[in-house]
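Hi,

Here is the structure I promised to pass on. Have a look at it first, and my notes on what turned up follow below.

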Amino acid sequence: AQRMMPMAMAPTASRVGGVAVARHRECRRRARAMSIARASTRPGDTGDGAERGELSTLDALARTLSRDEDDGVDADARAVGIGDDVANDASTRAEEVRARRVDEVRRERARRETTPEGPTTSWKPWWSPLSTVYNVPTVEPAGAYFLAMLHAGAFVADLALLKLGYGNGGDVFLKLALFDNAVVYDSQWVRCFTACLVDFGLLHFAAVNLALVTIGAEAEAIIGTSPFLTVYILSAAMGGIGSMALDPSTLHVASSDGIFGVFGAMLVYAAINVENEWNMKGFTVRLLYCGAFAAALQYLASVPTEDGGHVVNSVGHLWGFLAGIVMGYTGLSPMFTSKRFETPPEDRMNVVDVTSGPPKTFAALGALSFTILSLCVVVLLKRTLDVDPRDVF
């Protein structure tokens with residue numbers, strides 16, 4: 001009964017039980033001593049017989065008291081044993097609780113190492129919020145920051161050459177931008193890919209680079225460095241090819257076309273993974289970011305140059321956006337899977353990208369092949385057949 005008591009009542013119950021046992025033992029000892037004395041001393045005993053009876057009575061009383069003391073020691077030992085058992089049970093339960101907590105900490109640490117929430121070091125506070133349901137595997141962004149540095153390098157180089165008197169302020173820009181005639185007649189096809197590294201004007205430079213270090217870096221953390229660079233460069237190339245084919249301007253920059261391609265890939269990522277069901281806040285914040293940058297870049301595209309042309313144009317933005325959607329859908333945007341697509345009972349569940357590995361490589365090679373094929377078609381129509389796609393469409 002004492003073992004079944006709550007821990008808080010065990011010491012009190014032990015003391016009460018000890019007092020009752022002591023009283024019962026004392027009563028038994030007195031009754032036994034009295035019965036032995038009556039049995040040992042009979043009427044008529046005199047002399048030596050009386051003395052022997054008294055001695056035997058004393059011996060019997062001593063033996064009785066000795067047995068009672070032994071019984072008391074055993075009872076006390078049993079009481080102490082019960083208390084020790086209770087204390088041991090409490091200590092065992094405390095050890096089990098501590099062991100469970102240590103095991104939970106270790107499992108959480110291992111989970112964060114295998115699928116960390118956010119990049120390897122941290123998830124930037126200005127990015128969209130993370131999911132509270134699933135652990136989305138991410139990488140530390142480097143490509144977006146590297147592209148921003150290249151943009152800044154080209155811009156600062158032109159400014160420095162102008163200040164030093166060695167150029168007109170656009171030497172690097174003219175070597176990298178996309179000129180229709182240079183691509184069509186001089187076979188400078190690489191301009192379709194280098195046009196994503198230059199910007200037209202200070203406002204365009206600021207908008208593109210701010211988008212790269214914010215939503216671009218977040219997109220890279222989610223879809224990976226290689227897929228991000230592939231989407232940005234090839235979307236920019238497709239935007240330049242579309243501008244060269246359908247826009248009346250003969251000079252194009254494609255950096256903002258690449259940004260629109262990243263927007264398209266992130267839109268596909270949210271759609272195929274139904275992100276609004278398990279990360280509504282993050283989905284909404286990222287959508288607002290993309291909308292704000294898209295509105296700013298479209299405004300710059302609407303501003304004509306002095307000759308009425310549009311170096312930054314909506315045609316390039318549209319082609320870049322569509323290219324990003326196609327590349328994201330064909331495998332460059334992650335497609336996650338988990339054991340159960342539902343809210344887990346305890347911890348957030350890990351998700352795995354089923355398109356990782358060869359599927360992403362095949363998707364990138366296919367996008368590169370289609371980009372080169374599109375460029376060949378436009379150049380062929382303009383150079384060999386003397387047909388301007390703008391006259392056709």
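Before the notes, one cut-off: I call a residue buried when its relative accessible area is under 20%, exposed when it is over 50%, and partly exposed in between. By that rule C376, at 30% relative accessibility, is partly exposed. Please also keep in mind that this is a predicted model.

**Confidence**

The average pLDDT for the protein is 78, and 69% of the residues reach at least 70. Helix 1 (residues 10-40) is where confidence is lowest, with a mean of 56, while helix 9 (residues 255-272) has the highest, at 95. Residues 1-17 stay under 50 throughout, and the model gives them 9 contacts beyond four places in sequence. Residues 116-120 are also below 50, with 18 contacts in the model beyond near neighbours in sequence.

**Overall make-up**

The protein has 14 helices and 6 strands. Of its 393 residues, 39% are buried. If you take the contacts with a separation of 6 or more, 73% of them are between residues 24 or more positions apart.

**Cysteines**

How many disulfides does a search of the whole structure find? The count is 0. C376 is in no disulfide, and the nearest cysteine sulfur, on C192, sits 10.0 Å away. A disulfide would need the two sulfur atoms within 2.5 Å, so that pair does not qualify. As for C196, its relative accessibility is 2%, so this cysteine counts as buried.

**Around helix 7**

I spent a while on helix 7 (202-223) and the loop before it, which runs from helix 6 (191-194) and holds V198. V198 has 3% relative accessibility and therefore counts as buried. Which residues does V198 contact, leaving aside its neighbours within four places in sequence? They are H151, A154, F173, L176, A177, V253 and S255. F155 is worth a glance too: its C-alpha atom is 7.4 Å from that of V198, although the two are 43 residues apart along the chain.

In helix 7 itself you will find N209. Its relative accessible area is 9%, so N209 is buried. Outside its neighbours within four places in sequence, N209 is in contact with A148, H151, A152 and D199. H151 thus turns up in the contacts of V198 and also in those of N209.

E218 is in helix 7 as well. Buried or exposed? E218 is buried, because its relative accessibility is 1%. Not counting residues up to four places away in sequence, E218 touches W123, W127, S128 and R286.

**The cavity**

Rolling a probe the size of a water molecule over the atoms shows where empty space is left. In this model there is 1 cavity of 30 Å³ or more, and the volume of the largest cavity is about 70 Å³. Its lining consists of W123, S128, P129, L130, S131, V136, I222, Y269, E275, W278, N279 and R286. Among these, W123, S128 and R286 are also contacts of E218, so if you open the view on E218, those residues will lead you to the cavity lining.

**Helix 13**

Does the length of helix 13 (residues 358-384) hold up, or what should it span? With 27 residues at 1.5 Å a residue, helix 13 should span 39 Å, and its end C-alpha atoms are 38 Å apart, which agrees. Its buried residues are K360, A363, A364, A367, T371, S374, L375, V378, V379 and K382. Just after this helix, D386 has a positive phi of about 55 degrees.

**Other positive phi values**

Most residues other than glycine have a negative phi. S187 is not a glycine, yet its phi is positive, near 60 degrees. S187 belongs to the loop between helix 5 (180-184) and helix 6, and its relative accessibility of 45% makes it partly exposed. V274 is another non-glycine residue with a positive phi, this one about 50 degrees. V274 is in the loop between helix 9 and helix 10 (275-278), and with 34% relative accessibility V274 is partly exposed too.

Cheers

Technical notes: Residues numbered from 1 in each chain as written. Predicted model: local features only at pLDDT ≥ 70, side-chain atom pairs only at ≥ 80, totals over all residues. Heavy atoms only, no water. pLDDT = per-residue confidence, 0-100. Helix = DSSP H or I, 4+ residues; strand = E, 2+ residues; numbered from the N terminus. Contact = heavy atoms within 4.5 Å. Buried < 20%, exposed > 50% of the residue type's maximum accessible area, 1.4 Å probe, protein only. Expected span 1.5 Å × (residues − 1). 1 Å grid on protein atoms, 1.4 Å probe; cavity = no way out; pocket = protein on both sides within 12 Å on 5 of 7 lines; lining within 4 Å. Points joined across faces, edges and corners; volume = space filled by probe spheres on them.
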